[in-house]
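Welcome! Please open the structure in your viewer and keep the selection tool at hand. We will go from stop to stop together.

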Amino acid sequence: AGMVVSDNVVEITRDSSKTVKELYVTVGQEVKSGDKLFSYDSDALELDLEKNQLEVEKMTNEQTTYAEQQEKLEKQLKKTSNQSEIVRLTLEINTLKTTQMENDYNIAAKNQEIDKLKEMLANVDITAPVDGTIRKIDNEGQTNVYITIQQSGAYRIKGTLNEMSMNGGLMVGSRVKVYSRISDQTWMGTVASIDMESPEE
C-alpha cells in the first residue's frame with residue numbers, strides 16, 4: 001500500500017522588508033508558470049525613486065554652476081599679477097574642484113540607489129516558477145516561506161514493503177504495476193529508491 005506524493009514542492013519566499021499589497025491566489029488553486037502570485041506595495045519605492053532622481057538633477061545643475069564659477073575665477077587669475085589675489089583665486093579654484101569631486105561621488109552613489117530602486121520596482125510582481133497547485137499560504141508570517149506550490153506532472157508513489165517483497169527480488173530499477181484503490185486503473189512505474197535505513201515495525 002502507498003500514497004501519491006508530489007515529486008517536487010516549490011517554496012516561494014517573501015521579503016520581510018516589503019509589504020505585500022495584493023495576493024492573487026488561494027489554497028487549492030491551479031497555477032501556470034508565469035501566473036501572478038502576489039505583489040509588493042510599490043508606492044514607497046516610487047516615492048524614493050522620484051526623490052533620488054530629483055536630487056541627482058539638482059546635483060547635476062550644481063556641477064554646471066561650479067564649472068562656470070571655476071571658469072570665471074581662472075579668467076580672473078590670468079589677468080591679475082597681485083600675489084595675494086593669485087593666492088585667493090587659486091584657493092577658491094581648488095575648493096571648487098574639491099566640491100565638484102565630492103558632488104561627482106554623490107551623483108554616482110545616488111545613481112546606484114536609483115538603479116537598485118528600479119530593479120526592486122521591476123520585481124514587485126512575484127510569479128509562479130512552475131505549473132502546479134497552491135498547497136499552502138502563510139498569511140501569518142510565521143515562516144519565511146509565503147506560498148508552497150506542489151508542482152504538477154511529477155508524482156511518485158511512496159509506500160512500504162516487507163522482507164518477502166525484498167526477497168522476491170524487488171530492487172531499485174525494478175518495473176512495477178501500480179493499482180488504484182478506487183478504480184480499475186493501473187500504471188506502470190519504476191522503483192526509484194528504497195530506504196533501508198528507516199525500518200518500521
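Which residue forms a salt bridge with Glu85? Select Arg88 together with Glu85: their closest N and O atoms are 2.5 Å apart. Keep in mind along the way that this is a predicted model. Both residues sit in helix α2, three residues apart, so about one helical turn separates them. Colour the pair by accessibility and you will find Glu85 partly exposed, with a relative accessible area of 26%. Arg88 is partly exposed too, at 36%.

**Next stop: between two helices**

Stay with helix α2, which covers residues 83-122, and add helix α1, residues 43-79, to the view. Now select Glu55 and Lys110, whose side chains meet in a salt bridge with an N to O distance of 2.9 Å. Glu55 belongs to helix α1 and Lys110 to helix α2, so this contact ties together parts that are 55 residues apart in sequence. Is Lys110 buried or exposed? With 17% relative accessibility, Lys110 counts as buried, since buried means under 20%. Glu55, in contrast, is partly exposed at 26%. Add Glu113 to the selection as well: salt bridges with shared partners join Glu55, Lys110 and Glu113 into one network.

While helix α1 is still on screen, click on Met59, which is part of this helix. Met59 is buried, and its relative accessible area is 12%.

**Across to the sheet**

From Met59, jump to Lys136. The two are 77 residues apart in sequence, and 49 Å lie between their C-alpha atoms. Lys136 stands opposite Thr148 in β8. Show the strands around this spot: β7 (residues 132-137) and β8 (residues 145-151) run antiparallel and are joined by five bridges. One more pair to pick out here is Ile137, whose bridge partner in β8 is Ile147.

Now widen the selection to the whole sheet. In which order do its strands lie? The order is β2-β8-β7-β4, in an open sheet of four strands with antiparallel pairing. At the edges are β2 (9-13) and β4 (30-31), each of which pairs on one side only. Strands of a sheet pair through backbone hydrogen bonds, so try showing those bonds in your viewer. Two bridges join β4 to β7, and you can find Val31 standing opposite Gly132 in β7.

**A short stop at Lys18**

Select Lys18 and Asp15. They form a salt bridge, with the closest N and O atoms 3.9 Å apart. Asp15 counts as partly exposed, at 31% relative accessibility. In total, the structure has eight salt bridges.

**Last stops: a patch and a pocket**

Switch to a surface view and select Val4, Tyr155 and Ile157. Together they form a nonpolar patch on the surface, with about 310 Å² of accessible area. Tyr155 is found in strand β9, residues 155-159, and is partly exposed at 43%.

Where does the largest pocket have its centre? Among its 38 lining residues, Ala1, Ile157, Lys158, Gly159 and Thr160 are the closest to that centre. The pocket has a volume of about 1700 Å³. To see which elements give two or more residues to its lining, highlight β1 (2-6), β9, α3 (163-167), β10 (175-179) and β11 (186-190). Ile157 is a good residue to finish on, as a member of the nonpolar patch and one of the residues closest to the centre of the largest pocket.

How values were computed:
Residues numbered from 1 in each chain as written. Predicted model: local features only at pLDDT ≥ 70, side-chain atom pairs only at ≥ 80, totals over all residues. Heavy atoms only, no water. Pairing = 2+ DSSP bridges. Patch = residues over 30% accessible without salt bridge, like charges linked within 9 Å, V, L, I, M, F, W, Y side chains within 5 Å. Areas by Shrake-Rupley, 256 points an atom, 1.4 Å probe, with all protein chains shown as cover. Salt bridge = Lys/Arg side-chain N within 4 Å of Asp/Glu carboxyl O. Buried < 20%, exposed > 50% of the residue type's maximum accessible area, 1.4 Å probe, protein only. 1 Å grid on protein atoms, 1.4 Å probe; cavity = no way out; pocket = protein on both sides within 12 Å on 5 of 7 lines; lining within 4 Å. Points joined across faces, edges and corners; volume = space filled by probe spheres on them.
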